[in-house]
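The report that follows describes a model with its ligands, beginning with the ligand surroundings and then turning to selected parts of the chain. Please read it alongside the sequence and the structure.

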Amino acid sequence: MAPGSIIQELVSEQNTRSPTKTKSNLSFILNKPYDVQFAERPIPKISGTHDVLVAVNYTGICGSDVHYWEHGRIGHFVVEEPMVLGHESAGTVVDVGSAVRELAPGDRVALEPGYPCRRCIDCLAGRYNLCPDMVFAATPPHDGTLTGFWVAPSDFCYKLPTNVTLQEGALIEPLAVAVHIVQQARVRPGATVVVMGAGPIGLLCAAVAKSFGAVKVVSVDIVQSKLDLATELAATHTYCFQRNSAEENANALLAQCNLGKGADVVIDASGVEACIQTGLHVVKMGGTYVQGGMGKADITFPIMALCQKEVTVRGSFRYGPGDYQLAIELVANGAVNVKKLITGVFDFTQAEDAFKKVKEGQVIKILISGPNEHINGSLNAGIGENIRPTLDRVSEIEDG
Ligand SMILES: NC(=O)c1ccc[n+]([C@@H]2O[C@H](COP(=O)([O-])OP(=O)(O)OC[C@H]3O[C@@H](n4cnc5c(N)ncnc54)[C@H](O)[C@@H]3O)[C@@H](O)[C@H]2O)c1
Ligand SMILES: OC[C@H](O)C(O)[C@@H](O)CO
(Lines give C-alpha, C1' and ligand atoms only; values in the text may rest on other atoms or scores of the structure.)
(Ligands and ions follow the chains in the order given, each with its own letter.)
Protein backbone atom coordinates (compact mmCIF):
# COMPACT_ATOMS: atom_id res chain seq x y z
CA MET A 1 0.00 0.00 0.00
CA ALA A 2 1.22 3.48 -0.68
CA PRO A 3 -0.46 6.80 -0.14
CA GLY A 4 0.23 7.52 -3.80
CA SER A 5 -0.46 10.88 -5.25
CA ILE A 6 -2.62 12.64 -2.74
CA ILE A 7 -3.75 15.61 -4.72
CA GLN A 8 -3.93 14.24 -8.22
CA GLU A 9 -7.58 14.64 -8.83
CA LEU A 10 -9.48 17.33 -7.07
CA VAL A 11 -12.85 16.47 -8.48
CA SER A 12 -13.61 20.14 -8.75
CA GLU A 13 -15.91 19.72 -11.70
CA GLN A 14 -18.29 17.76 -9.51
CA ASN A 15 -18.57 20.56 -7.02
CA THR A 16 -19.93 23.89 -7.94
CA ARG A 17 -19.99 25.10 -4.35
CA SER A 18 -16.84 27.04 -3.57
CA PRO A 19 -15.69 25.54 -0.23
CA THR A 20 -14.95 22.16 -1.76
CA LYS A 21 -13.67 23.29 -5.13
CA THR A 22 -10.01 22.72 -4.45
CA LYS A 23 -10.29 20.16 -1.71
CA SER A 24 -9.46 16.51 -1.56
CA ASN A 25 -11.78 13.71 -0.77
CA LEU A 26 -8.89 11.35 -0.18
CA SER A 27 -10.25 8.34 1.69
CA PHE A 28 -8.63 5.55 3.69
CA ILE A 29 -10.14 2.34 2.39
CA LEU A 30 -10.04 -1.23 3.64
CA ASN A 31 -10.11 -3.75 0.76
CA LYS A 32 -9.63 -6.87 2.85
CA PRO A 33 -7.73 -7.74 6.04
CA TYR A 34 -4.42 -5.82 6.16
CA ASP A 35 -4.99 -4.55 2.62
CA VAL A 36 -5.72 -0.82 2.62
CA GLN A 37 -5.40 1.96 0.08
CA PHE A 38 -5.78 5.70 -0.23
CA ALA A 39 -8.02 6.84 -3.07
CA GLU A 40 -9.75 10.00 -4.16
CA ARG A 41 -13.46 9.43 -3.97
CA PRO A 42 -16.06 11.85 -5.36
CA ILE A 43 -16.90 14.55 -2.84
CA PRO A 44 -20.36 13.67 -1.50
CA LYS A 45 -23.19 16.01 -2.35
CA ILE A 46 -25.90 17.43 -0.20
CA SER A 47 -28.97 15.57 -1.37
CA GLY A 48 -31.58 16.40 1.28
CA THR A 49 -32.61 19.88 2.35
CA HIS A 50 -31.69 18.98 5.94
CA ASP A 51 -28.22 17.69 5.05
CA VAL A 52 -24.93 19.25 5.99
CA LEU A 53 -21.57 18.87 4.21
CA VAL A 54 -18.71 18.63 6.68
CA ALA A 55 -14.94 18.67 6.12
CA VAL A 56 -13.61 16.00 8.48
CA ASN A 57 -10.85 17.43 10.70
CA TYR A 58 -10.12 14.59 13.14
CA THR A 59 -11.05 10.95 13.43
CA GLY A 60 -10.26 8.70 16.36
CA ILE A 61 -9.42 5.05 15.77
CA CYS A 62 -11.81 2.69 17.52
CA GLY A 63 -11.16 -0.94 18.40
CA SER A 64 -13.85 -1.90 15.87
CA ASP A 65 -11.94 -0.13 13.04
CA VAL A 66 -8.84 -2.11 14.00
CA HIS A 67 -10.89 -5.31 14.16
CA TYR A 68 -12.20 -4.77 10.60
CA TRP A 69 -8.64 -3.97 9.46
CA GLU A 70 -7.34 -7.20 10.99
CA HIS A 71 -10.21 -9.58 10.35
CA GLY A 72 -12.44 -7.98 7.72
CA ARG A 73 -15.50 -8.68 9.81
CA ILE A 74 -17.23 -8.24 13.16
CA GLY A 75 -19.81 -10.97 13.73
CA HIS A 76 -22.15 -11.02 10.75
CA PHE A 77 -20.90 -7.64 9.45
CA VAL A 78 -18.45 -8.66 6.73
CA VAL A 79 -16.38 -6.32 4.53
CA GLU A 80 -17.25 -7.62 1.07
CA GLU A 81 -16.58 -4.43 -0.90
CA PRO A 82 -13.83 -1.89 -0.21
CA MET A 83 -14.97 0.21 2.76
CA VAL A 84 -13.76 3.55 4.14
CA LEU A 85 -12.84 3.11 7.81
CA GLY A 86 -13.50 5.44 10.76
CA HIS A 87 -16.50 6.70 12.67
CA GLU A 88 -15.25 8.86 15.56
CA SER A 89 -15.04 12.25 13.91
CA ALA A 90 -15.36 15.98 14.25
CA GLY A 91 -15.25 18.47 11.43
CA THR A 92 -16.11 21.87 10.03
CA VAL A 93 -19.35 22.61 8.23
CA VAL A 94 -18.69 23.78 4.67
CA ASP A 95 -22.19 23.79 3.24
CA VAL A 96 -25.77 23.32 4.40
CA GLY A 97 -29.06 22.28 2.77
CA SER A 98 -31.77 24.87 2.25
CA ALA A 99 -33.80 23.83 5.34
CA VAL A 100 -30.90 23.85 7.79
CA ARG A 101 -31.25 26.69 10.30
CA GLU A 102 -29.13 25.68 13.27
CA LEU A 103 -25.80 25.20 11.50
CA ALA A 104 -23.83 27.38 9.10
CA PRO A 105 -20.55 27.07 7.19
CA GLY A 106 -17.64 27.45 9.58
CA ASP A 107 -19.38 25.78 12.52
CA ARG A 108 -17.34 23.05 14.19
CA VAL A 109 -19.32 19.88 14.85
CA ALA A 110 -19.05 16.43 16.41
CA LEU A 111 -20.46 13.85 14.01
CA GLU A 112 -22.84 11.19 15.27
CA PRO A 113 -22.06 8.43 12.75
CA GLY A 114 -25.20 6.27 12.72
CA TYR A 115 -28.44 7.23 11.01
CA PRO A 116 -31.61 5.37 12.00
CA CYS A 117 -34.74 5.06 9.85
CA ARG A 118 -36.72 7.35 12.24
CA ARG A 119 -39.92 5.37 11.47
CA CYS A 120 -39.70 1.95 13.11
CA ILE A 121 -41.08 1.07 16.55
CA ASP A 122 -37.67 1.42 18.21
CA CYS A 123 -37.00 4.79 16.62
CA LEU A 124 -40.43 6.05 17.60
CA ALA A 125 -39.96 4.73 21.14
CA GLY A 126 -36.74 6.75 21.50
CA ARG A 127 -34.39 3.80 21.15
CA TYR A 128 -33.05 4.67 17.74
CA ASN A 129 -29.74 2.96 18.53
CA LEU A 130 -31.67 -0.32 18.20
CA CYS A 131 -33.10 0.57 14.77
CA PRO A 132 -32.72 -2.51 12.54
CA ASP A 133 -32.14 -0.27 9.52
CA MET A 134 -29.38 1.77 11.10
CA VAL A 135 -26.82 3.06 8.60
CA PHE A 136 -23.64 3.22 10.65
CA ALA A 137 -20.33 4.59 9.38
CA ALA A 138 -17.64 1.96 8.78
CA THR A 139 -20.01 -0.90 9.46
CA PRO A 140 -20.31 -2.88 6.22
CA PRO A 141 -21.60 -2.10 3.70
CA HIS A 142 -21.42 1.58 4.74
CA ASP A 143 -18.37 3.76 4.31
CA GLY A 144 -16.82 5.56 7.24
CA THR A 145 -15.45 9.00 7.99
CA LEU A 146 -11.72 8.63 7.26
CA THR A 147 -12.31 10.79 4.24
CA GLY A 148 -12.23 14.43 3.23
CA PHE A 149 -15.92 15.29 3.29
CA TRP A 150 -18.95 13.77 4.91
CA VAL A 151 -22.63 14.43 4.36
CA ALA A 152 -24.90 14.00 7.38
CA PRO A 153 -28.37 14.96 8.52
CA SER A 154 -28.00 18.25 10.40
CA ASP A 155 -29.53 16.84 13.61
CA PHE A 156 -26.69 14.30 13.78
CA CYS A 157 -24.09 17.08 13.68
CA TYR A 158 -23.61 18.70 17.09
CA LYS A 159 -22.16 22.18 17.24
CA LEU A 160 -19.14 22.36 19.52
CA PRO A 161 -19.05 25.16 22.08
CA THR A 162 -16.16 27.58 21.58
CA ASN A 163 -14.20 26.07 24.48
CA VAL A 164 -14.29 22.54 23.00
CA THR A 165 -11.61 21.83 20.39
CA LEU A 166 -12.05 19.71 17.28
CA GLN A 167 -9.73 17.10 18.76
CA GLU A 168 -11.99 16.88 21.79
CA GLY A 169 -14.88 16.80 19.33
CA ALA A 170 -13.55 13.54 17.89
CA LEU A 171 -13.70 12.03 21.38
CA ILE A 172 -17.41 12.81 21.74
CA GLU A 173 -18.34 9.54 20.02
CA PRO A 174 -16.68 7.20 22.57
CA LEU A 175 -17.79 9.55 25.34
CA ALA A 176 -21.39 9.20 24.13
CA VAL A 177 -20.94 5.39 24.33
CA ALA A 178 -19.85 5.84 27.95
CA VAL A 179 -22.70 8.24 28.71
CA HIS A 180 -25.16 5.65 27.41
CA ILE A 181 -23.58 2.87 29.48
CA VAL A 182 -23.63 4.94 32.67
CA GLN A 183 -27.23 6.01 32.03
CA GLN A 184 -28.14 2.34 31.57
CA ALA A 185 -26.49 1.70 34.95
CA ARG A 186 -28.65 4.42 36.59
CA VAL A 187 -25.64 5.68 38.54
CA ARG A 188 -26.86 7.97 41.31
CA PRO A 189 -25.06 10.42 43.63
CA GLY A 190 -23.25 8.45 46.35
CA ALA A 191 -23.01 5.25 44.30
CA THR A 192 -20.07 2.88 44.31
CA VAL A 193 -19.09 1.85 40.77
CA VAL A 194 -16.60 -0.71 39.46
CA VAL A 195 -15.54 -0.41 35.82
CA MET A 196 -13.89 -3.43 34.24
CA GLY A 197 -11.38 -2.31 31.58
CA ALA A 198 -9.49 0.98 31.37
CA GLY A 199 -9.35 1.41 27.60
CA PRO A 200 -11.04 4.51 26.16
CA ILE A 201 -14.55 3.27 26.93
CA GLY A 202 -13.78 2.12 30.47
CA LEU A 203 -11.87 5.31 31.28
CA LEU A 204 -14.72 7.42 29.99
CA CYS A 205 -17.29 5.32 31.91
CA ALA A 206 -15.29 5.97 35.09
CA ALA A 207 -15.22 9.69 34.36
CA VAL A 208 -18.93 9.87 33.53
CA ALA A 209 -19.85 7.84 36.63
CA LYS A 210 -17.84 10.28 38.76
CA SER A 211 -19.56 13.23 37.12
CA PHE A 212 -22.92 11.61 37.93
CA GLY A 213 -21.98 11.72 41.62
CA ALA A 214 -20.43 8.29 42.26
CA VAL A 215 -18.34 8.55 45.43
CA LYS A 216 -16.22 5.51 44.76
CA VAL A 217 -15.09 4.61 41.25
CA VAL A 218 -12.85 1.57 40.85
CA SER A 219 -11.05 1.04 37.53
CA VAL A 220 -9.87 -2.49 36.74
CA ASP A 221 -7.31 -3.45 34.11
CA ILE A 222 -4.19 -5.55 33.59
CA VAL A 223 -2.04 -2.64 32.38
CA GLN A 224 -0.70 -0.44 35.18
CA SER A 225 -0.23 2.65 32.96
CA LYS A 226 -3.93 2.53 32.09
CA LEU A 227 -4.84 2.31 35.76
CA ASP A 228 -2.59 5.32 36.42
CA LEU A 229 -4.44 7.25 33.74
CA ALA A 230 -7.75 6.15 35.28
CA THR A 231 -6.63 7.68 38.59
CA GLU A 232 -5.60 10.90 36.82
CA LEU A 233 -8.95 11.06 35.12
CA ALA A 234 -11.53 9.93 37.68
CA ALA A 235 -10.93 6.67 39.55
CA THR A 236 -10.80 6.82 43.33
CA HIS A 237 -9.38 3.28 43.42
CA THR A 238 -7.81 0.85 40.96
CA TYR A 239 -7.44 -2.90 40.88
CA CYS A 240 -4.92 -4.78 38.76
CA PHE A 241 -6.65 -7.94 37.56
CA GLN A 242 -4.78 -11.12 38.54
CA ARG A 243 -4.49 -14.52 36.90
CA ASN A 244 -6.71 -16.01 39.60
CA SER A 245 -10.26 -17.28 39.60
CA ALA A 246 -13.15 -14.85 39.23
CA GLU A 247 -14.12 -15.36 42.90
CA GLU A 248 -10.55 -14.72 44.07
CA ASN A 249 -10.31 -11.55 41.99
CA ALA A 250 -13.71 -10.41 43.27
CA ASN A 251 -12.76 -10.99 46.92
CA ALA A 252 -9.40 -9.24 46.52
CA LEU A 253 -11.00 -6.29 44.71
CA LEU A 254 -13.73 -5.88 47.35
CA ALA A 255 -11.19 -6.04 50.17
CA GLN A 256 -8.61 -3.72 48.55
CA CYS A 257 -11.20 -1.12 47.65
CA ASN A 258 -13.24 -1.31 50.87
CA LEU A 259 -16.37 -2.20 49.03
CA GLY A 260 -17.85 -4.31 51.80
CA LYS A 261 -20.30 -6.81 50.37
CA GLY A 262 -20.28 -5.36 46.90
CA ALA A 263 -20.54 -2.41 44.55
CA ASP A 264 -23.83 -0.73 43.70
CA VAL A 265 -22.94 -0.85 40.02
CA VAL A 266 -20.55 -2.91 37.92
CA ILE A 267 -19.86 -1.92 34.33
CA ASP A 268 -18.00 -4.19 31.96
CA ALA A 269 -16.02 -2.18 29.42
CA SER A 270 -13.57 -4.96 28.62
CA GLY A 271 -15.57 -7.68 26.89
CA VAL A 272 -13.29 -10.16 28.64
CA GLU A 273 -14.92 -13.32 30.03
CA ALA A 274 -12.93 -13.33 33.29
CA CYS A 275 -13.88 -9.70 33.95
CA ILE A 276 -17.55 -10.37 33.30
CA GLN A 277 -17.52 -13.33 35.67
CA THR A 278 -15.70 -11.28 38.31
CA GLY A 279 -18.15 -8.42 37.83
CA LEU A 280 -21.09 -10.64 38.78
CA HIS A 281 -19.27 -11.58 41.99
CA VAL A 282 -18.39 -7.95 42.76
CA VAL A 283 -21.85 -6.44 42.37
CA LYS A 284 -23.84 -6.17 45.61
CA MET A 285 -27.16 -7.84 46.42
CA GLY A 286 -29.79 -6.04 44.39
CA GLY A 287 -27.11 -4.13 42.46
CA THR A 288 -26.87 -3.33 38.76
CA TYR A 289 -24.56 -4.84 36.14
CA VAL A 290 -24.20 -3.32 32.67
CA GLN A 291 -22.54 -5.03 29.74
CA GLY A 292 -20.80 -2.48 27.53
CA GLY A 293 -17.82 -4.57 26.39
CA MET A 294 -18.19 -6.60 23.23
CA GLY A 295 -15.85 -9.57 23.22
CA LYS A 296 -16.68 -13.21 22.63
CA ALA A 297 -20.31 -13.73 21.64
CA ASP A 298 -20.83 -16.61 24.10
CA ILE A 299 -19.19 -17.07 27.46
CA THR A 300 -19.62 -18.97 30.72
CA PHE A 301 -21.61 -16.69 33.00
CA PRO A 302 -22.26 -17.04 36.80
CA ILE A 303 -26.00 -17.08 36.44
CA MET A 304 -26.59 -18.39 39.97
CA ALA A 305 -24.99 -15.26 41.46
CA LEU A 306 -27.21 -13.16 39.23
CA CYS A 307 -30.29 -15.01 40.42
CA GLN A 308 -29.50 -15.16 44.12
CA LYS A 309 -28.42 -11.51 44.32
CA GLU A 310 -31.38 -10.29 42.26
CA VAL A 311 -28.95 -8.38 40.06
CA THR A 312 -30.42 -6.06 37.46
CA VAL A 313 -28.56 -6.71 34.21
CA ARG A 314 -28.69 -4.38 31.23
CA GLY A 315 -26.97 -4.24 27.90
CA SER A 316 -25.77 -1.02 26.33
CA PHE A 317 -25.34 -0.42 22.61
CA ARG A 318 -23.96 2.75 21.08
CA TYR A 319 -25.98 5.86 22.06
CA GLY A 320 -29.43 7.31 21.83
CA PRO A 321 -31.37 10.53 22.28
CA GLY A 322 -29.52 13.10 24.37
CA ASP A 323 -26.28 11.15 24.75
CA TYR A 324 -24.23 13.28 22.35
CA GLN A 325 -25.54 16.52 23.86
CA LEU A 326 -24.68 15.36 27.38
CA ALA A 327 -21.24 14.17 26.26
CA ILE A 328 -20.48 17.60 24.79
CA GLU A 329 -21.77 19.31 27.93
CA LEU A 330 -19.54 17.15 30.15
CA VAL A 331 -16.49 18.20 28.12
CA ALA A 332 -17.53 21.85 27.88
CA ASN A 333 -18.07 22.23 31.62
CA GLY A 334 -14.83 20.44 32.51
CA ALA A 335 -16.45 17.39 34.12
CA VAL A 336 -14.67 14.99 31.75
CA ASN A 337 -11.19 15.74 30.46
CA VAL A 338 -11.08 13.83 27.17
CA LYS A 339 -7.76 15.46 26.20
CA LYS A 340 -6.01 13.14 28.63
CA LEU A 341 -6.99 10.19 26.45
CA ILE A 342 -5.31 11.50 23.29
CA THR A 343 -2.06 9.61 22.87
CA GLY A 344 -1.13 11.22 19.58
CA VAL A 345 -2.27 12.65 16.26
CA PHE A 346 -1.22 11.09 12.96
CA ASP A 347 -1.20 12.72 9.57
CA PHE A 348 -3.85 11.36 7.18
CA THR A 349 -1.22 9.81 4.92
CA GLN A 350 0.06 7.86 7.92
CA ALA A 351 -3.33 6.30 8.66
CA GLU A 352 -2.02 2.77 8.25
CA ASP A 353 0.81 3.43 10.71
CA ALA A 354 -1.77 4.82 13.12
CA PHE A 355 -3.68 1.53 12.91
CA LYS A 356 -0.46 -0.40 13.52
CA LYS A 357 0.24 1.75 16.57
CA VAL A 358 -3.21 1.05 18.00
CA LYS A 359 -2.81 -2.66 17.35
CA GLU A 360 0.47 -2.71 19.29
CA GLY A 361 -1.56 -1.70 22.36
CA GLN A 362 -0.21 0.67 25.01
CA VAL A 363 -1.92 3.68 23.42
CA ILE A 364 -5.30 5.03 24.49
CA LYS A 365 -6.73 7.12 21.65
CA ILE A 366 -4.99 7.93 18.40
CA LEU A 367 -6.47 10.60 16.14
CA ILE A 368 -5.93 10.97 12.40
CA SER A 369 -6.14 14.47 10.97
CA GLY A 370 -8.32 15.11 7.92
CA PRO A 371 -6.78 15.02 4.43
CA ASN A 372 -7.55 18.58 3.46
CA GLU A 373 -4.75 20.08 5.47
CA HIS A 374 -2.37 18.87 2.76
CA ILE A 375 -4.04 20.98 0.17
CA ASN A 376 -5.03 24.11 1.93
CA GLY A 377 -4.65 24.76 5.61
CA SER A 378 -7.15 27.58 5.45
CA LEU A 379 -10.05 25.25 6.10
CA ASN A 380 -8.61 24.36 9.47
CA ALA A 381 -6.87 27.62 10.23
CA GLY A 382 -8.00 29.83 13.05
CA ILE A 383 -9.67 27.02 14.90
CA GLY A 384 -7.17 27.12 17.72
CA GLU A 385 -6.00 23.54 17.47
CA ASN A 386 -2.59 22.46 18.59
CA ILE A 387 -2.28 19.54 16.31
CA ARG A 388 1.02 18.78 14.64
CA PRO A 389 2.03 15.28 15.52
CA THR A 390 1.94 15.22 19.26
CA LEU A 391 3.25 11.80 19.93
CA ASP A 392 4.70 12.68 23.32
CA ARG A 393 2.45 10.26 25.12
CA VAL A 394 3.33 7.49 22.64
CA SER A 395 7.03 8.05 23.27
CA GLU A 396 6.46 8.32 27.01
CA ILE A 397 4.73 4.97 27.02
CA GLU A 398 7.29 3.41 24.68
CA ASP A 399 10.17 4.72 26.79
CA GLY A 400 8.60 3.80 30.05
N1 LIG B 1 -21.51 -1.23 23.70
C2 LIG B 1 -21.09 -0.43 22.74
O3 LIG B 1 -21.85 0.24 22.07
C4 LIG B 1 -19.63 -0.33 22.50
C5 LIG B 1 -19.11 0.74 21.77
C6 LIG B 1 -17.72 0.81 21.61
C7 LIG B 1 -16.92 -0.17 22.13
N8 LIG B 1 -17.50 -1.21 22.79
C9 LIG B 1 -16.71 -2.28 23.40
O10 LIG B 1 -16.26 -1.83 24.66
C11 LIG B 1 -15.05 -2.49 25.00
C12 LIG B 1 -14.02 -1.45 25.38
O13 LIG B 1 -13.71 -0.63 24.28
P14 LIG B 1 -12.29 0.10 24.25
O15 LIG B 1 -12.26 0.89 23.01
O16 LIG B 1 -12.02 0.77 25.55
O17 LIG B 1 -11.37 -1.19 24.09
P18 LIG B 1 -9.93 -1.53 24.66
O19 LIG B 1 -9.55 -2.83 24.06
O20 LIG B 1 -9.03 -0.38 24.49
O21 LIG B 1 -10.18 -1.72 26.23
C22 LIG B 1 -10.31 -2.95 26.86
C23 LIG B 1 -9.48 -2.89 28.12
O24 LIG B 1 -9.67 -4.11 28.84
C25 LIG B 1 -8.43 -4.44 29.40
N26 LIG B 1 -8.39 -5.85 29.76
C27 LIG B 1 -8.08 -6.92 29.00
N28 LIG B 1 -8.10 -8.05 29.73
C29 LIG B 1 -8.45 -7.69 30.98
C30 LIG B 1 -8.63 -8.39 32.19
N31 LIG B 1 -8.49 -9.70 32.27
N32 LIG B 1 -8.95 -7.68 33.27
C33 LIG B 1 -9.12 -6.35 33.22
N34 LIG B 1 -8.96 -5.62 32.11
C35 LIG B 1 -8.62 -6.28 31.00
C36 LIG B 1 -7.41 -4.06 28.34
O37 LIG B 1 -6.11 -3.91 28.88
C38 LIG B 1 -7.98 -2.75 27.83
O39 LIG B 1 -7.46 -1.65 28.51
C40 LIG B 1 -14.68 -3.33 23.79
O41 LIG B 1 -15.10 -4.66 24.02
C42 LIG B 1 -15.48 -2.70 22.67
O43 LIG B 1 -15.79 -3.63 21.66
C44 LIG B 1 -18.82 -1.31 23.00
O1 LIG C 1 -18.92 3.20 19.11
C2 LIG C 1 -19.72 2.49 18.28
C3 LIG C 1 -19.11 1.16 18.02
O4 LIG C 1 -17.75 1.21 17.87
C5 LIG C 1 -19.78 0.53 16.88
O6 LIG C 1 -20.96 0.02 17.34
C7 LIG C 1 -18.93 -0.50 16.26
O8 LIG C 1 -19.08 -1.70 16.90
C9 LIG C 1 -19.15 -0.58 14.76
O10 LIG C 1 -20.43 -0.93 14.45
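In this predicted model, a backbone N or O atom of Gly199 lies 3.3 Å from an oxygen atom of ligand 1. Two side chains also approach oxygen atoms of ligand 1 through an N or O atom, that of Asp221 at 2.6 Å and that of Lys226 at 3.0 Å. Taken alone, ligand 1 exposes 860 Å², of which the protein buries 79%.

The shell around ligand 1 comprises 22 residues, the closest being Asp221, Gly292, Met294, Ser316 and Arg318. By residue class, this shell divides into 13 nonpolar, six polar and three charged residues. Helix 5, which runs over residues 200-211, and strand 14, which runs over residues 216-221, each contribute at least two residues to the shell.

Ligand 2 is surrounded by Cys62, Ser64, His87, Phe136, Thr139, Glu173, Val177, Met294, Phe317 and Arg318. Met294 and Arg318 are thus listed around ligand 2 and also among the closest residues to ligand 1. The shell of ligand 2 consists of five nonpolar, three polar and two charged residues. Side chains of His87, at 3.2 Å, of Thr139, at 2.8 Å, and of Glu173, at 2.7 Å, each place a polar atom at the stated distance from an oxygen atom of ligand 2. On its own, ligand 2 has 290 Å² of accessible area, and the protein covers 88% of it.

The side-chain approaches to the two ligands are collected here.

| Side chain | Ligand (oxygen atom) | Distance |
|---|---|---|
| Asp221 | ligand 1 | 2.6 Å |
| Lys226 | ligand 1 | 3.0 Å |
| His87 | ligand 2 | 3.2 Å |
| Thr139 | ligand 2 | 2.8 Å |
| Glu173 | ligand 2 | 2.7 Å |

Helix 5, already named as a contributor to the shell of ligand 1, can be examined in its own right. How far apart are the end C-alpha atoms of helix 5, and what span should its twelve residues have? At 1.5 Å a residue the expected span is 16 Å, and the end C-alpha atoms are 16 Å apart, so the two values agree. Helix 5 is mostly covered, with nine of its twelve residues buried, and the buried positions are Pro200, Gly202, Leu203, Leu204, Cys205, Ala206, Ala207, Val208 and Ala209. After helix 5 comes Gly213, which has a positive phi near 105°.

Further along the chain, Asn249 sits in helix 7, which spans residues 246-256. Is Asn249 buried or exposed? Asn249 counts as buried because its relative accessibility is 0%, a value under the 20% limit for that class. The side chain of Asn249 also makes a polar contact with the side chain of Tyr239, at 2.7 Å.

Several backbone features deserve separate mention. The peptide bond from Pro140 to Pro141 is cis, with omega near 10°, and Pro141 belongs to the loop between strand 10 (135-136) and strand 11 (149-153). Two arginines have a positive phi although they are residues other than glycine, Arg118 with a value near 70° and Arg186 with a value near 50°. Arg118 occupies the loop between strand 9 (114-115) and helix 2 (121-124), while Arg186 is found in the loop between helix 4 (172-184) and strand 13 (192-196). Arg118 is partly exposed, because its relative accessible area is 42%, and Arg186 likewise counts as partly exposed, at 42% relative accessibility.

Gly315 lies in strand 18, residues 312-315, and is partly exposed, with a relative accessible area of 45%. Between Gly315 and Thr192 there are 19 Å in space, C-alpha to C-alpha, and the two residues are 123 residues apart in sequence.

As to annotation, an unreviewed UniProt entry places the feature "domain: Enoyl reductase (ER)" at residues 31-368. In the model, this span is 30% helix and 27% strand, and its end C-alpha atoms lie 19 Å apart.

Conventions: Residues numbered from 1 in each chain as written. Chains lettered and ligands numbered in written order. Predicted model: local features only at pLDDT ≥ 70, side-chain atom pairs only at ≥ 80, totals over all residues. Heavy atoms only, no water. Near = heavy atom within 4 Å. Polar contact = N/O pair within 3.5 Å; in protein donor to acceptor, adjacent residues only side chain to side chain. Areas by Shrake-Rupley, 256 points an atom, 1.4 Å probe, with all protein chains shown as cover. Helix = DSSP H or I, 4+ residues; strand = E, 2+ residues; numbered from the N terminus. Nonpolar A, V, L, I, M, F, W, Y, C, P; charged D, E, K, R; others polar. UniProt positions renumbered as here; feature names shortened; annotations may be inferred. Expected span 1.5 Å × (residues − 1). Buried < 20%, exposed > 50% of the residue type's maximum accessible area, 1.4 Å probe, protein only.
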